[in-house]
Protein chains: 2
Amino acid sequence: MTGYLSPAMLHRNPELREGEGEEAHDPLFVRSVARAMGVLSAFHTTDRPLSLSEIARAAELDRSTTQRIVHTLRKLGYIQRDQYDQGYVPGIRIYDHIFDSMRLNRLIQRAVPYLLDLRSAVNERVDLSLIDDLRLVYTARFQPKSEVIHAMMVGLSVPIYCTSAGWAVLARLPEDRARDIIRRSERVSYTPRTLTDEDAIMERVAQAREQGYIAAAEQLLPGELGIGAAVTDSAGHPIGAVTITSLMSDWTLEEFDHAISPTLMQTVRALSTG
Amino acid sequence: MTGYLSPAMLHRNPELREGEGEEAHDPLFVRSVARAMGVLSAFHTTDRPLSLSEIARAAELDRSTTQRIVHTLRKLGYIQRDQYDQGYVPGIRIYDHIFDSMRLNRLIQRAVPYLLDLRSAVNERVDLSLIDDLRLVYTARFQPKSEVIHAMMVGLSVPIYCTSAGWAVLARLPEDRARDIIRRSERVSYTPRTLTDEDAIMERVAQAREQGYIAAAEQLLPGELGIGAAVTDSAGHPIGAVTITSLMSDWTLEEFDHAISPTLMQTVRALSTG
DNA sequence: TATACTGTATCGGCAGGCGATACAAAAGAA
DNA sequence: TTCTTTTGTATCGCCTGCCGATACAGTATA
């Protein structure tokens, strides 16, 4: 299951398209900044180092502008030449910002010991994700010793509309907001069993609201089972989710649900009353 | 050992100071981009959400410029209001770039299974780091089940001059380059045993060159033991390091060295001949 | 030898970023 | 309460510094 998620991530929110249509000029909007981030985002759709022209094409900029921005980002350490000087790759300075992001996120900081306990208890892969509009962004993965693939998945993102964790999150939102998220999602059938129909999805959401969690089979990857539950802030608004994942070769969905869900609920309850 | 590394990271390279002195104007340098990254870097020195004025102060910009850049970065998702709307924090979009960074780094991709094996074999904390001039940036941490603190340390950085992994890296560089790195480092005594003298450090480096690895005690944290070995590219240049860490309450340095180093060397040899 | 890429450097014009300024609302402080 | 400070937000003319066309040497691929 190495190649499934490559080269880019599974799901991406509709970008803020610069100069989209005749939208009024925003006097506070600094174009160069958006362009710079666009240059960095050029790497989202590749799995190898990029040349200047390739970056320009991906960022929809001319070569001159790209040259200047790449030059600047290189000086700052956000872009570097790849190991064999064959092209540009993201620079190491980005790690500093992820460090900040995690340090300053109370949920992530508090969650670590709980999630390690959870992994030990269930001996399956445990993931923590944060909500970003239409998707869930993975911020931490804790896996059992046996599993060696996909250990590093900080930053992976998955759609809300077709994941157990996503349904659990939708269950904590008002019906109209949930439906809005589903509608705005580009609903892809990742497997034959992926739900893409709004009402079918809302049925699962209803079940998630009733149970507090929800299990799902083969929504993103064939043979994959997942159980997700939402983490909420003190006002009850969802801010993230915890997912436990396993394989259909190890469990039936029902067995998995019965064995895992009580422990999972215990964890998210602890995390939600912060 | 929770608070040691807060709020900012342990070590930071001298930043490229914008407009430093009377340095010739670089016609390719885009000032706004540098300012934007400076705004994001404002969070490096805080452990709580920042107000606009605080960001402006940290980034050495006036409030107007800060306002415009923060506005832009917010629209793009790189900055957001904190959970209680009390200030600004880094946004979730940063995770996308870390994902790219890891995806496109061959070492990280290849290393994961090796490092998991290594952790299982030695049952101690295992870290992979990449070189960034004067420091090592942690990109992955694998820890034994028992340990629950500091699980999430992607992006943490430590100085080269006073860590076992750093010495191992210096051992793979020509003498003058190694000395240059030591000299340019701001050598802080994190503990009473921290080495800050250039020649004393180079002695350890020589030992590292001989052995292929090096052990160290209490260089960064009291009571901490570490063994580090460098990972090199096919040309023999160091690109990163693997560190195994434990506590003086569990081992003497000699025991630790004898028990751990053979397995560590096996791992870095496998990673270096890629 | 062509052809199409690399990465890099230069430069005049004018858009758009700069930063001073202003203001309502909220949070303390007296 | 009243005074003071800080919050986030909005406006606008000046002029700087970004824009992007253009050029060129070096290197693969054919």
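Reader: Before we look at strand C, what counts as a residue being near a molecule or strand?
Author: A residue is near a molecule or strand if one of its heavy atoms lies within 4 Å of it. This is a predicted model, where local features need pLDDT of at least 70 and side-chain atom pairs count only at pLDDT 80 or more, while totals for chains, interfaces and linings use all residues. Residues are numbered from 1 along each chain as its sequence is written, and side-chain values use heavy atoms, with hydrogens and water left out.

Reader: OK, how many residues surround DNA strand C, and which are the closest?
Author: DNA strand C is surrounded by 19 residues, and the closest are A:Arg31, A:Ser51, A:Ser53, A:Gln67 and B:Arg68. Of the atoms of DNA strand C that come within 4 Å of the protein, 60% belong to sugar and phosphate.

Reader: Which polar side-chain atom lies 3.0 Å from a phosphate oxygen there?
Author: That atom belongs to A:Arg31, and the side chain of A:Ser53 places an N or O atom 2.7 Å from a phosphate oxygen of DNA strand C; a polar contact here is a pair of N or O atoms within 3.5 Å.

Reader: And the backbone of A:Phe29, how far is it from a phosphate oxygen?
Author: A backbone N or O atom of A:Phe29 lies 3.1 Å from a phosphate oxygen of DNA strand C.

Reader: Switching topic, what lies over the ring of B:Tyr88?
Author: The charged end of B:Arg81 does, 4.5 Å from the ring centre, and in chain A, A:Arg81 lies over the face of A:Tyr88 at 4.6 Å; the criterion is NZ of Lys or CZ of Arg within 6 Å of the ring centre and within 35 degrees of the ring normal.

Note on methods:
Chains lettered and ligands numbered in written order. Polar contact = N/O pair within 3.5 Å; in protein donor to acceptor, adjacent residues only side chain to side chain.
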